[in-house]
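Reader: I've got a model on my screen and some questions about it. Mind walking me through it?

Author: Happy to. Let's look at it together.

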Amino acid sequence: MPEPILEVRDLAKLYPLTRGIVVRKQVGAIRAVDTVSFDLMRGETLGVVGESGCGKSTLAKLLVNLERPTSGRIRFKGQDITELSGRALKAVRRNIQMVFQDPYTSLNPRMTVGDIIGEPYDIHPEVAPKGDRRRRVQELLDVVGLNPEYINRYPHQFSGGQRQRIGIARGLALNPEIIICDEPVSALDVSVQAQVINLMDRLQDEFRLSYVFIAHDLSVVRHISDRVAVMYLGRFAETGTEEQIYAYPTHPYTQALLSAVPVPDPELRELRERILLSGDVPSPADPPSGCRFRTRCWKAQEICALETPPLAVPERAAAAGGPAAHPSACHFAEEKPAVVPTGGG
Ligand code: ADP
Ligand code: MG
């Protein structure tokens with residue numbers, strides 16, 4: 001059995017909600033990430049999908065140690081990294097890097113591309129000694145498909161797609177084993193998105209990387225993900241392989257998201273039932289009791305307000321086997337084969 005490279009257990013991040021200017025009083029908490037668990041295997045891509053505000057960026061920051069969890073555990077190759085500090089933390093951080101969402105704001109406009117990509121070596125000079133840096137940065141430019149001669153240029157001299165390539169080169173600088181990609185293509189034109197995703201796909205094979213790939217749209221992560229987690233209000237609603245999630249979703253929220261994915265084929269489009277969700281996403285400062293999705297769910301009954309459905313394989317599906325047998329946090333999880341275009345993203 002292969003061992004997971006990352007094990008996440010009951011991870012939670014609460015931000016205090018305060019009131020008052022002179023005396024700040026805590027009046028509650030924003031439950032940005034609330035008991036999330038998953039394993040990431042070496043070389044695997046886990047796609048994480050959910051609407052804006054559901055906690056994706058907070059999860060990403062927890063995984064790269066930019067934020068400390070309120071509770072829960074993150075193990076990297078078996079070692080609990082949530083309580084590390086000093087040198088031990090630095091060593092682990094090197095191995096888990098992040099690629100940010102917006103290449104327009106995440107790159108310092110006053111630094112050259114060479115300084116941006118080489119900056120991680122200031123903190124980890126052992127990876128690239130001073131005399132070797134320039135050569136390494138040029139190598140990285142080449143690896144992400146940019147001309148190594150661009151090393152002295154500034155971010156504004158590049159297009160959005162090129163800037164994200166620079167962000168990716170920086171993410172690769174320290175030879176990490178895991179890259180957490182927080183909506184890496186959301187700010188890019190659709191025509192450029194596929195190029196950047198293809199690049200990341202190729203880099204994954206070349207450097208044996210494991211990815212957590214975050215997006216707000218199911219169609220974006222399909223092509224690159226081995227497994228997908230659908231997130232709603234700080235929790236995972238459903239997890240499964242690409243086939244299980246896209247062709248045999250059992251959670252009403254996943255079914256609703258999939259019904260909104262554009263279908264180019266008119267015949268398929270005819271077959272499809274469009275599910276329109278009512279209402280807005282509730283506030284993470286005051287989430288609904290029981291199932292968090294129940295206030296927008298057409299299947300909701302009394303039990304949904306009283307009992308939180310665990311993220312588990314539904315009993316009936318487990319007994320029957322087949323592609324519907326995958327974890328789904330719904331009291332009434334039921335297979336509903338989705339009408340989605342197949343092949344490619
Ligand atoms: P996403 O990336 O899915 O859009 P985020 O993780 O950015 O979601 O945010 C999840 C929730 O946590 C939101 O309600 C957001 O307002 C809140 N939040 C995020 N960061 C902070 C913070 N530093 N302080 C307080 N609330 C925060
Ligand atoms: Mg975000």
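Author: Keep in mind that this is a predicted model. A good place to start is R42, whose side chain forms a salt bridge with that of E177, N to O at 3.1 Å.

Reader: Which parts of the chain does that pair link, and how many residues apart are they?

Author: R42 is in the loop between β2 (25-41) and β3 (45-49). E177 is in the loop between α6 (160-172) and β7. These are distant parts of the chain, and the separation is 135 residues.

Reader: Is E177 buried or exposed?

Author: The cut-off for buried is under 20% relative accessible area. Its partner R42 has 35%, so R42 is partly exposed. E177 has 16% relative accessibility, so E177 counts as buried.

Reader: What is the distance between the closest N and O atoms of E51 and R296?

Author: E51 and R296 form a salt bridge, and for that a side-chain nitrogen has to be within 4 Å of a carboxyl oxygen. Here the closest N and O atoms are apart by 3.5 Å.

Reader: How many residues apart in sequence are the parts that this pair ties together?

Author: E51 sits in the loop between β3 and α1 (56-63). R296 belongs to the loop between α11 (266-271) and α12 (302-306). The pair therefore ties together parts whose separation in sequence is 245 residues.

Reader: And R296, buried or partly exposed?

Author: Buried means under 20% relative accessible area, and partly exposed runs from there up to 50%. E51 has 26%, so E51 counts as partly exposed. R296 has 8%, so R296 counts as buried.

Reader: Which residue forms a salt bridge with K299?

Author: The closest N and O atoms of this pair are 3.6 Å apart. K299 is in the loop between α11 and α12, while the partner lies in the segment after α13 (315-320), so the bridge ties together parts 35 residues apart in sequence. That partner has a relative accessible area of 39%, so it is partly exposed. The residue is E334.

Reader: Which residues do salt bridges with shared partners join into one network?

Author: By the 4 Å rule, the model has 21 salt bridges. Those that share partners join up one network, made of R31, D34, R235 and R292.

Reader: On to ligand 1. Which helix supplies the largest share of its shell?

Author: The residues around ligand 1 include K56, S57 and T58. β2 and α1 each give the shell at least two residues. The largest share, three residues, comes from α1.

Reader: How many of the shell residues are charged?

Author: Among the residues around ligand 1 are E51 and K56. The shell divides into five nonpolar and five polar residues, and the charged ones number two.

Reader: What is the distance from K56 to an oxygen atom of ligand 1?

Author: G53 uses a backbone N or O atom, 2.6 Å from a ligand 1 oxygen. T58 has a polar side-chain atom 2.6 Å from an oxygen of ligand 1. For K56, a polar side-chain atom lies from a ligand oxygen at 2.9 Å.

Reader: How much of the accessible area of ligand 1 does the protein cover?

Author: On its own, ligand 1 has 560 Å² of accessible area. The share covered by the protein is 65%.

Reader: Last one: which residue in β7 stands opposite M98?

Author: M98 is in strand β6 (residues 96-99), where I96 and M98 point one way, Q97 and V99 the other, and all are buried. β6 runs parallel to β7 (residues 178-182), with four bridges joining them. Opposite M98 stands I180.

Key:
Residues are numbered from 1 along each chain as its sequence is written. Chains are lettered from A and ligands numbered from 1 in the order in which they are written. This is a predicted model: local features need pLDDT of at least 70, side-chain atom pairs count only at pLDDT 80 or more; totals for chains, interfaces and linings use all residues. Side-chain values use heavy atoms; hydrogens and water are left out. Buried means under 20% relative accessible area, exposed over 50%, partly exposed in between (1.4 Å probe, protein chains only). Two strands pair if DSSP finds at least two bridges between them. A residue is near a molecule or strand if one of its heavy atoms lies within 4 Å of it. A polar contact is a pair of N or O atoms within 3.5 Å; within protein, one must be able to donate a hydrogen and the other to accept it, and residues adjacent in sequence count only if both atoms are side-chain atoms. Accessible areas come from the Shrake-Rupley method with a 1.4 Å probe; for residues, only the protein chains shown count as cover. Ala, Val, Leu, Ile, Met, Phe, Trp, Tyr, Cys and Pro count as nonpolar, Asp, Glu, Lys and Arg as charged, and the others, Gly among them, as polar.
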